[in-house]
Amino acid sequence: MQATNILILILGLGAFAFFLGRGRSLALAKPLGGIRKLHSLPSYYGLHAAMWCSLPPLFLLAMWMMFDDPLINSIVVESVADEIAPTDAASYNLLLNKISNLADGILPRKGESAVLIAAADHMEALRVISRWSLTALMLTLSGLGLLWGWSRISASFRARPVVEKVMQNILLACACLAIFTTVGIVLSVLFESIQFFRSVPIFDFVFGLEWSPQTAIREDQVGSSGSFGAVPLFVGTLLVSAVAMVVAVPVGLMSAIYLAEYASKSVRTYAKPALEILAGIPTVVYGFFAALTVAPFLRDLGASFGLSVSSESALAAGGVMGVMIIPFISSLADDVITAVPQSMRDGSLAMGATHSETVRRVIIPAALPGIVGGVMLAISRAIGETMIVVMAAGMAAKLTANPLESVTTVTVQIVTLLTGDQEFDSPKTLAAFALGLMLFTVTLLLNIFALHIVKKYREQYD
Amino acid sequence: MTQAATAEKKNPAKKTVAKAVNSLDVSDHQATVGKNFADNAKMTMRNVNVFYDDKQAIHDVSVDIAKNEVIAMIGPSGCGKSTFLRSLNRMNDTVDICRVEGQICMDGEDLYSPKLDVVELRARVGMVFQKPNPFPKSIYENVAYGPKIHGLADTRVDLDEIVENSLRKAGLWEEVKERLHQAGTGLSGGQQQRLCIARAIAVSPEVILMDEPCSALDPIATAKIEELIEELSQNFTIAIVTHSMQQAARVSHRTAYFHLGRLIEVNPTEQVFTMPEHQLTEAYITGRFG
Ligand SMILES: Nc1ncnc2c1ncn2[C@@H]1O[C@H](COP(=O)(O)OP(=O)(O)OP(=O)(O)O)[C@@H](O)[C@H]1O
Ligand SMILES: [Mg+2]
């Protein structure tokens, strides 16, 4: 049976066990004088039975799925080792793929050697055995669990703490899964980066001033020496982010001040969600808005002043990105400004300060750490933003601080390095991992810094 | 009058008095008894009504506050003392639903006339709140706040002098002169409250309103602030709300008793606490309710 079918079956059995357990506890309670005579509520007995019925088989399923493929593979390859012994990892994988495809009927069997066909049949047979034994085992386990859970039910059995404990462990497992996934991603990026740094020295990468990741496919090719200096990319990223922040910080902050301090309740109820819609627009929409509307407009505007603005400019990309980021800043700043205690405002107003003096001299300073935290989060968002810059910032890795020119960013280069046909172990591809790692490090540091500031802020009024 | 009712239950001996208090319907009450008008009035209030939406919190209050006097406001919780106090420097403006009717004047100038500059008014009528609320700035900046926004000091030296004088008057200078540039929020509760008083007097107001300034303080800090109020009364006019009748008796020249939004009695403090004119005042100060 297919794994998904088994899964559904087991969950169904679990539900069945729940009703069975609950029913039995209710039946037990009746002669005793109501469910108050039971230690736990009937649903706890039901849950207890359901857990025994479905969790062990599910655990078995997970283990089985992890180990049965490698096991079958090694058995099959072992059996053909006499005829075709794989010499290295690559040919081993190739052989396995071939056998597996033959077994699944993806490759036509005609014309293949008898050894391979035999191996494929062998594999197929092993897989069938594995599947059926898994099904049988799971159903047995499930049935045994159901029986055990059902037999445990009695008026004095403490089902509630058991269920509570199991629930807690399930939650823990989910949390661990999320953390391990993150760690896994970081580690894989890290390993690939280390591989990259074997061919390109880390110093050249971090401090190099030139970025042209063209590596030779053949030894004698012209222009084959790729250079992987990441500085122009990070400068481009910084430039675009800086433009974005120049747009987003003042506008976001001032709209937050207006919403928190001046707007009437009815304006607030409509204006705040309207601002937050900006955050809900897909970035690709911002991207073509930047590329097709803003960039040509800026170019024409520049031309009328006698400035040459490139048709893909840091200004266009950064400006549009800034608009996208406004709601981040405004909604975070709005929260911290409204969190400033009313007594602070009263104190200032009672001194004869005007409303705007109160905002400038008391409220903003009091809320500043929180605002800075919000700005930090927005910056890491800007640095990681991809779609807008891919569409509007350009591809040329130029080392410039002029926002009217076209620049490229780290994220754009990662995209271009990895799209299209690539060799997966060339420095060109691996460079993407190194860039990713650096980007990740930078945003992580920014986030830690931001969290630190936000935390410090929290302590202030408690 | 549920408080009276519970008092009645607890103490049957006082039953008759409580009955008498109960039978006295406050809404029948016409005028404030006692000496609510003064010859040398700093502030005058005539027929003041204050509403929160349609709920009336102050009913027809007329009273004068004389120059350089300390007037204490007492009364059961929720009777409108804070509301009354806040209408004297128009802090009620910050509450959207609040509406003030009647006439409130300072030195003959109508505080609620459209021509009046609220900012200037609040510089002339300072306020100290129940909970100390120093700004999250340094001690120096807290005191310098008012002088800076009102342009009272032309030079840094002038400003230093104002800060020092205010802190001295508030009795805080000796304690903080070594750490003027540390955060004002780092002081103890009593010190913070004196810092707020220093902040209020730094702009040399004519009147200082205090809303239960000692309710968050221990007896020692309270004693210091009471001493301070006595000193301040030489130069300032002070209106103070308090829940402590001992405090009212110690610091004030006149005492006003509020009950359910009405001003029941205003008299020299000594008289209020020895032979009150009104039954409700007597019931309150002898602890029969409130
Ligand atoms: N912002 C407000 N909105 C609506 N009603 C209010 C508001 N502030 C006060 N009130 C009402 O006005 C009345 C008087 O309140 P006020 O705060 O003046 O009482 P108080 O005498 O100062 O009481 P306490 O001694 O407890 O401080 C109360 O009934 C209160 O519920
Ligand atoms: Mg009050």
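Which residues come nearest to ligand 1? Of the 14 residues around this ligand, S77(B), K81(B), S82(B), T83(B) and H243(B) come nearest. The structure described in this report is a predicted model.

**The surroundings of ligand 1**

Polar side-chain atoms of K81(B), S82(B) and T83(B) are each paired with an oxygen atom of ligand 1, and the table gives the distances.

| Residue | Partner | Distance |
|---|---|---|
| K81(B) | oxygen atom of ligand 1 | 2.8 Å |
| S82(B) | oxygen atom of ligand 1 | 2.6 Å |
| T83(B) | oxygen atom of ligand 1 | 2.5 Å |

Taken alone, ligand 1 exposes 630 Å², and the protein buries 65% of that area. Two elements of chain B, β3 and α3 (81–88), give two or more residues to the shell around the ligand. The helix α3(B) gives the most, with 3 residues. By character, the residues of the shell divide into 5 nonpolar, 6 polar and 3 charged.

**Strand β3 and its hairpin**

Strand β3 of chain B, which contributes to the shell around ligand 1, covers residues 55–66. Of its 12 residues, 9 are buried, so the strand is largely enclosed by the rest of the structure. Its partner is strand β2 (residues 41–52) of chain B, and the two pair in the antiparallel sense over 8 bridges. In one of these pairings, M45(B) has V63(B) in β3(B) as its bridge partner. The two strands form a hairpin with 2 residues between them. In the turn, D53(B) has a positive phi of about 55 degrees.

**Strand β8 and its neighbours**

Strand β8 of chain B consists of residues 207–211. Because 5 of its 5 residues are buried, β8(B) is largely enclosed by the rest of the structure. In a regular strand, side chains alternate between the two faces of the sheet. In β8(B), V207(B), L209(B) and D211(B) point one way, whereas I208(B) and M210(B) point the other way; all are buried.

Two strands pair with β8(B). Strand β7 (residues 125–128) of chain B does so in the parallel sense over 4 bridges, and G126(B) stands opposite I208(B). Strand β9 (residues 237–241) of chain B also pairs with β8(B) in the parallel sense, over 5 bridges. Here V207(B) has T237(B) in β9(B) as its bridge partner.

**The domains of chain A**

For chain A, the domain assignment gives domain 1 (3–157) and domain 2 (227–461). The centres of these two domains, taken over C-alpha atoms, are separated by 49 Å.

Technical notes
Residues numbered from 1 in each chain as written. Chains lettered and ligands numbered in written order. Predicted model: local features only at pLDDT ≥ 70, side-chain atom pairs only at ≥ 80, totals over all residues. Heavy atoms only, no water. Buried < 20%, exposed > 50% of the residue type's maximum accessible area, 1.4 Å probe, protein only. Pairing = 2+ DSSP bridges. Near = heavy atom within 4 Å. Polar contact = N/O pair within 3.5 Å; in protein donor to acceptor, adjacent residues only side chain to side chain. Areas by Shrake-Rupley, 256 points an atom, 1.4 Å probe, with all protein chains shown as cover. Nonpolar A, V, L, I, M, F, W, Y, C, P; charged D, E, K, R; others polar. Domains from an automatic or database assignment.
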